[in-house]
Amino acid sequence: MNAKVRHARLSLISLSIFFLAALAVPSIVSRSAQSSKKNSCAASEFHQFDFWIGDWDSFEIGSSAKDAHLRVDRILEGCVLREDYQGANGHLGQSFTIYDASRKLWHQTWVTNRGELLEIEGKFHSGEMVLSGSDLTATGEKREVRGVWKPVEGGVRETAVASVDGGHTWKPWFDLIFRPHSSDSPSVSPNSLNDDQRAVIALDAQFQAAVKANDEATIDHLLPADYILVTSSGKTFTKADLLEEARSASRHYEHQEDSEQTVRVWGNTAVISAKLWAQGTENGTRFDYTLWFSDTYVRTPGGWRYVFAQASVRLPKTV
């Protein structure tokens with residue numbers, strides 16, 4: 001075979017290889033893109049906030065009247081949670097929430113028909129989504145905000161606090177429960193609760209969170225020296241007993257939250273009643289129960305104080 005023939009055959013072989021490679025590349029790229037598309041938001045971290053997805057009616061804790069209707073769904077091939085909020089007072093808003101895998105953080109942007117913008121970030125921890133950030137008040141003050149979402153029996157609870165002194169002191173902003181939407185729920189203005197009710201509800205939520213976290217310092221701060229808890233068996237627990245339980249960390253809670261909460265104020269006395277669901281372990285033994293409780297607060301010169309509690313028998317399990 002002469003040189004010209006060999007050269008021609010090699011050229012044809014090279015051309016064939018190039019042609020086949022050119023055909024294969026788009027296929028490889030396509031499969032890679034499809035794989036990336038399929039798995040981009042499939043990791044478990046992207047689904048930590050799935051408990052918030054749904055068609056909800058929003059209620060202020062302690063109120064039986066609806067103050068908003070909101071829908072939370074997934075968009076952008078499941079990578080983003082979109083909230084569509086419609087308040088009973090004409091306040092409209094949308095939020096967009098995403099897990100930023102590059103920083104291992106959740107990010108939420110909230111916008112409204114009143115020109116409001118809030119960006120908050122945080123993490124999912126111990127069954128709760130905690131997001132924080134800052135914005136400006138109507139008077140131009142910088143305000144730090146922190147919101148907590150957690151699943152509770154019958155829905156989702158969102159509690160928010162705010163600070164205008166750089167986080168040194170925090171005040172309640174709102175406390176909501178989302179229940180599955182019903183067209184029969186009556187609407188009410190979000191201002192249906194008075195300041196006393198809001199303050200007591202916020203203190204009760206703070207105490208509940210401290211118990212769940214075995215936060216001895218916060219429990220010590222919230223309870224007066226003569227605090228008493230009476231259980232259904234007639235046994236009593238003092239402030240010292242609750243502090244010792246937190247100090248020993250003998251109880252580890254997976255759930256410690258309430259539902260069907262009401263708050264009533266008579267002059268300088270307030271009573272919160274609710275159904276409590278507690279689940280976790282105590283000294284390695286699992287517990288899971290629901291009961292009713294009533295917490296009594298009294299107004300003092302220093303503000304409302306939690307002075308007395310009473311718990312019912314544990315409710316029978318429902319299927």
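User: Which cysteines form a disulfide in this predicted model?

Analyst: A search of the whole structure turns up one disulfide. Its sulfur atoms sit 1.8 Å apart, and the cut-off is 2.5 Å. The pair is Cys41 and Cys79.

User: How many residues apart are Cys41 and Cys79, and where do they lie?

Analyst: Cys41 is in the loop between α1 (3–39) and β1 (54–60). Cys79 is in the loop between β2 (66–75) and β3 (80–87). The bond therefore links distant parts of the chain, 38 residues apart.

User: Is that disulfide right-handed or left-handed?

Analyst: Look at the torsion about the S-S bond of Cys41 and Cys79, which is about 105°. That value makes the disulfide right-handed.

User: Is Cys41 buried or exposed?

Analyst: Buried means under 20% relative accessible area. Cys41 comes in at 13%, and Cys79 has 15% and is buried too. So Cys41 counts as buried.

User: On to α4: why do its buried residues lie on the same side?

Analyst: The residues in question are Lys239, Leu242, Leu243 and Ala246, in helix α4 (residues 239–248). An α-helix has 3.6 residues a turn, so residues three or four places apart point the same way. Here the buried ones share a side of α4 because they cover an arc of only 100° around the axis.

User: What covers the buried residues of α4?

Analyst: Contact here means heavy atoms within 4.5 Å. By that cut-off, the cover includes α2 (195–212), α3 (216–222) and β12 (236–238).

User: Which residue just after α4 takes a positive phi?

Analyst: Helix α4 spans residues 239–248. Just after α4 comes a phi of about 55°, and the residue is Ala249.

User: Which residue of α4 meets Glu216 in a salt bridge?

Analyst: Side chains of opposite charge can pair when their charged atoms come close. Glu216, in helix α3, has a partner in helix α4, 31 residues apart. The N to O distance is 2.7 Å, and the partner is Arg247.

User: Are Asp135 and Arg143 buried or exposed?

Analyst: Their side chains meet in a salt bridge (2.8 Å, N to O). Arg143 has a relative accessible area of 18% and Asp135 has 14%. With the limit at under 20%, Arg143 is buried and Asp135 is buried.

User: How far apart in sequence are the parts that Asp196 and Arg299 tie together?

Analyst: The side chains of Asp196 and Arg299 meet in a salt bridge of 3.1 Å, N to O. Asp196 lies in helix α2 and Arg299 in strand β15 (residues 285–300), so the parts they tie together are 103 residues apart.

Key. Residues are numbered from 1 along each chain as its sequence is written. This is a predicted model: local features need pLDDT of at least 70, side-chain atom pairs count only at pLDDT 80 or more; totals for chains, interfaces and linings use all residues. Side-chain values use heavy atoms; hydrogens and water are left out. Buried means under 20% relative accessible area, exposed over 50%, partly exposed in between (1.4 Å probe, protein chains only). Helices (H or I, at least four residues) and strands (E, at least two) are DSSP runs, numbered from the N terminus. The arc is that of the directions from the helix axis to the C-beta atoms. A salt bridge is a side-chain nitrogen of Lys or Arg within 4 Å of a carboxyl oxygen of Asp or Glu.
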